[in-house]
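Reader: I should like to go through this model and ask, for each description, what supports it. May we begin once the structure is shown?

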Amino acid sequence: MAPPNPEEPSAKRPASPSAGSRASHNSSPSKRARGSSVGSLGYGDHHGGGAEALRLAGPDNKTKQYDDGVLRKRTQVETDVLAREKAAHELADALPKEISTIPTIDLFLPEALKDAVFVGHLVTDLDSVGGAIGAAALYNGKAALASDINSETAFALEEWGVAKPPTIEEVLKENPDAKICLVDHQQTSQMNPAINPDNVVGVIDHHALQSKTIVTDRPIYIDIRPWGSMSTIISHTFLTHHKRPSVGVAGMLLCAILSDTLNLQGPTTTEWDRLMVATLSEIAAVDDIQFLASQQFKAKSKELAGLSAHGLVNGDQKCFSFATETFTGDVGFAVVETTDDAVIIDRLDELLPEIVACKMEKNLSALFLAVVNIVELKGTLLLCGPSELSLAKAAFPGCEVNDANTMMDLGSRVSRKKDYIPEITKAIKAGWKKPLKRGVSVVDMMEALGKLEVDPTDYQRITRRGSVLAVKVGQRFTVDDD
């Protein structure tokens, strides 16, 4: 089934208000993001989430005009949902009025997933949590957390009035033999260690099959699609099974898709992601998709700015294994997404020693940290040693490196899945090998790395103390080039 062609915005439009009647921007976030005109089907004239953009339409119908006369061009997400509002309305309208399951529809649901526990990856993110909640509602199962939630996920749960799922440890304590469906991952290195691989009955994911993919003794349910978000898969399955998600579930799925696709602007975004955002906005009665997305990303970036160097380096880190004629080893790649990359980059001399320490602790051949500005859609790669510098130059030829050889400008490359790992993989397969220079070398390094201390008032704040790698005041972290 191919995605419907993007529709032109329908002729039906909200009445164009005068400047004096434009909405005040002092109302609560929920009221500003969501509309109040909810019909019998759970939505009103929300225009796929673009109702507010239409209400404030400027003279050329491509801008938003505020009460102070300021014109702002419509964002990409506003343009995308308005282009699909008719298709979104028709899809939402075709769903049954009631949220409850129609018995005959159960015939088409995979038996293996019924009553299963749906759980995402470690260092869990919004797509893992939102997708697990959606899958649990779709397949009559239970959602669980693989690890503590981040501030962006907390925002979404509060915004949509959805209860925080229990941890997978709590679920397995009650039912040790529970069936498990992995969502948003399929690598054992990202799986919570409390999960018994023998109990895994399914995988729903949107990532490539890389190293350490789970191996099972029997066939399991697999749904992997090359889309921008795992929650897009769940949303699409709701529609194909003719099931209506509740407003809360639709809202969580919506926020998850916006998160993983960088507001529909990331390179992994597909037509399905755009259509599902518009459709879920109809179901969840969202009038101002741009405001919802901006509040969500603000919540995410606030947490990143306050995290310790250890938290930033380890917060969203994945490891990839390689074995070629010239190189065998593991390469780690961490990503920090923020609305203000300068706040993170200003901590360069704090971050680089932590990257080296983490690299040594995990016995990695190389470890990168990419700082991605999700507003300007640009990436900066932090380089902690000669191996990282050499591999980055091989993977991203022509990208500018600073004088200290510690930062590379990646330009518009912002996706680990599409922009970073494929190029790293190509460079390694093309014959890259580690340079002879080793960079930092310390005897008895495990002791020299210092100790990690947990803030007793905030267990998410972890700081490294006593490391010989720490850059002293007035000094600068540099990397030697071959």
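Reader: What is the strand order of the open sheet, and which sense of pairing does the sheet have?

Author: In this predicted model, the five strands of the open sheet follow the order 4-3-5-6-7, and their pairing is parallel. Strand 4 (142–144) and strand 7 (221–224) form the edges. The twist from one strand to the next averages 20°.

Reader: What makes strand 4 and strand 7 edge strands?

Author: Each of these two strands pairs on one side only.

Reader: How do you know that strand 5 and strand 6 pair?

Author: Two strands count as paired if at least two bridges are found between them. Strand 5 (residues 180–183) and strand 6 (residues 200–205) share four bridges, in the parallel sense; the criterion is therefore met. Within this pair, Leu-182 lies opposite Val-203 of strand 6.

Reader: Which helices pack on the sheet, and which strands do they touch?

Author: Helix 5 (residues 126–138) touches strand 3 (117–119), strand 4 and strand 5. Helix 8 (residues 230–240) touches strand 5, strand 6 and strand 7.

Reader: How is the direction of helix 5 to be described against that of strand 4, and that of helix 8 against strand 6?

Author: Helix 5 makes about 165° with strand 4; angles over 145 degrees count as roughly antiparallel, so that term applies here. Helix 8 makes about 105° with strand 6; this value falls in the range 65 to 115 degrees and is therefore called roughly perpendicular.

Reader: Why are helix 4 and helix 10 called oblique to each other?

Author: Helix 4 (residues 85–94) and helix 10 (residues 271–283) pack at about 55°, with axes 8 Å apart. The ranges for roughly parallel (under 35 degrees), roughly perpendicular (65 to 115) and roughly antiparallel (over 145) do not include this angle, so the two helices are oblique. Their crossing is right-handed.

Reader: Which residues make the contact of helix 4 with helix 10?

Author: Helix 4 contributes Ala-87, Ala-88, His-89, Leu-91 and Ala-92, and helix 10 contributes Leu-275, Ala-278, Thr-279, Glu-282 and Ile-283. By class, seven are nonpolar, two polar and one charged.

Reader: What does helix 5 meet in helix 6?

Author: Leu-126, Val-129 and Ile-133 of helix 5 meet Glu-152, Thr-153, Ala-156 and Leu-157 of helix 6. The contact comprises five nonpolar residues, one polar and one charged.

Reader: What is the mean pLDDT of the protein chain, and where is the pLDDT below 50?

Author: The mean is 81, and 77% of the residues reach 70 or more. Stretches below 50 include residues 6–32 and residues 454–461.

Notes: Residues numbered from 1 in each chain as written. Predicted model: local features only at pLDDT ≥ 70, side-chain atom pairs only at ≥ 80, totals over all residues. Heavy atoms only, no water. Axes fitted to C-alpha atoms, helices over the stretch in contact; angles between N-to-C directions. Contact = heavy atoms within 4.5 Å. Left-handed = near helix turned anticlockwise from the far one by under 90°. Nonpolar A, V, L, I, M, F, W, Y, C, P; charged D, E, K, R; others polar. pLDDT = per-residue confidence, 0-100.
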